[in-house]
Amino acid sequence: RRPYLVGSVFVTLSIGSALAYPYVIRLIIDDAIQGGQVRRLNELSLLMVVILLVEAVSTSGRDYFFGLGAERVGVRLRRMLFAALLLQDIQFFDRRDTGEMTTRLWADVAPLEFVLGEEFADTLRAAVFSVCGTGLLLYTSPRLTLLMLIGMPPIAIATSLLGRRVKTLAADVQQAQAEVGAAATQVLAGIRTVRAFSQEESERARYDRQLARALEFARRKVRAKALLGGVSLIAGECAALLAIWVGGNLIIV
């Protein structure tokens with residue numbers, strides 16, 4: 001918990017700097033440039049440098065502490081999983097392949113470490129930034145904010161539908177990878193038997209089939225994630241474009 005707590009402080013700093021950035025840009029354009037105040041321009045430019053330094057430091061600190069927290073979670077999970085395996089009955093091991101269990105012990109925890117590291121930090125930052133940014137937008141222009149929020153329902157629907165698909169396919173990929181690990185362990189553990197019966201080509205072909213199966217599941221998962229990204233992008237950008245168009249008309253008229 002400690003690395004995540006410290007990392008959350010850096011997340012807060014990065015959000016503050018990210019929200020301050022466009023506000024200072026507005027001051028540079030409205031007050032300094034249009035007002036022809038060189039001194040004001042220098043002051044605001046120096047302030048921008050400070051904001052960028054704070055954001056750089058906070059981003060590094062955030063990634064470090066969240067990454068450290070994820071690694072500690074991974075170590076703890078592997079320790080707990082290994083301890084649980086040692087307490088299972090002998091029948092449990094008779095029903096399962098050793099290669100599959102060892103593959104899951106190492107391979108299945110890695111995606112969780114990835115999610116609980118920088119991905120978790122980015123998600124937390126995006127969530128808080130969205131709430132604070134929406135509040136700032138409402139304060140600036142409620143009408144344009146509502147237009148920006150038009151893109152939220154399509155994104156939510158796509159996330160709900162395609163997210164379940166990605167979750168199911170991710171489980172299939174993990175199972176297929178576990179079977180690949182099991183096949184490799186069987187061959188390497190019985191390499192003397194494989195050599196004795198000259199089955200190298202046969203085992204290589206079987207391993208290739210297992211890899212092809214895992215790759216097919218991975219391809220389906222990647223396709224679903226890519227489709228989700230495309231839907232989210234087009235919905236968000238169209239909403240932003242609509243807000244820019246309406247805002248432009250308000251300025252001109």
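**Aromatic pairs**

I began with the aromatic rings of this predicted model, and my search for ring pairs came to a count of six aromatic pairs. I looked up the pair of Y4 and F120, whose rings stand 5.6 Å apart centre to centre with 70° between the planes, and I entered the pair as edge-to-face. Y4 belongs to helix α1 and F120 to helix α5 (residues 109–140), so this pair ties together parts of the chain that are 116 residues apart in sequence.

I then checked how much of each ring residue is accessible. Y4 has a relative accessible area of 16%, and because the cut-off for buried is under 20%, I noted Y4 as buried. F120, with a relative accessible area of 34%, is partly exposed.

My next entry concerns Y64 and F65, whose ring centres are 5.0 Å apart and whose planes meet at 80°; since an angle over 60 degrees counts as edge-to-face, I put this pair down as edge-to-face. Here I recorded Y64 as exposed, at a relative accessible area of 52%, while F65, at 21% relative accessibility, counts as partly exposed.

Which residues do ring pairs link into a cluster? I found Y4, F66 and F120 joined in this way, with Y4 being the residue that I had already noted as buried.

**Helices α1 and α2**

I turned from the ring of Y4 to the helix that holds it, α1, and looked at how α1 is placed against α2. Helix α1 covers residues 2–33 and helix α2 covers residues 38–86; their axes come within 7 Å and cross at roughly 160°. Angles over 145 degrees count as roughly antiparallel, and I therefore described α1 as roughly antiparallel to α2. The crossing of these two helices is left-handed.

I also sorted the residues in the contact of α1 with α2 by kind, and my tally reads 28 nonpolar, seven polar and five charged.

**Cysteines**

How many disulfides does a search of the whole structure find? I searched the whole structure and the result was zero disulfides. I looked up the accessibility of two cysteines as well: C132 is partly exposed, with a relative accessible area of 35%, and C238 is likewise partly exposed, with a relative accessible area of 43%.

Key
Residues numbered from 1 in each chain as written. Predicted model: local features only at pLDDT ≥ 70, side-chain atom pairs only at ≥ 80, totals over all residues. Heavy atoms only, no water. Axes fitted to C-alpha atoms, helices over the stretch in contact; angles between N-to-C directions. Helix = DSSP H or I, 4+ residues; strand = E, 2+ residues; numbered from the N terminus. Parallel < 35°, antiparallel > 145°, perpendicular 65-115°, else oblique. Left-handed = near helix turned anticlockwise from the far one by under 90°. Nonpolar A, V, L, I, M, F, W, Y, C, P; charged D, E, K, R; others polar. Disulfide = S-S within 2.5 Å. Buried < 20%, exposed > 50% of the residue type's maximum accessible area, 1.4 Å probe, protein only. Phe/Tyr/Trp six-rings, centres within 6.5 Å; stacked < 30°, edge-to-face > 60°.
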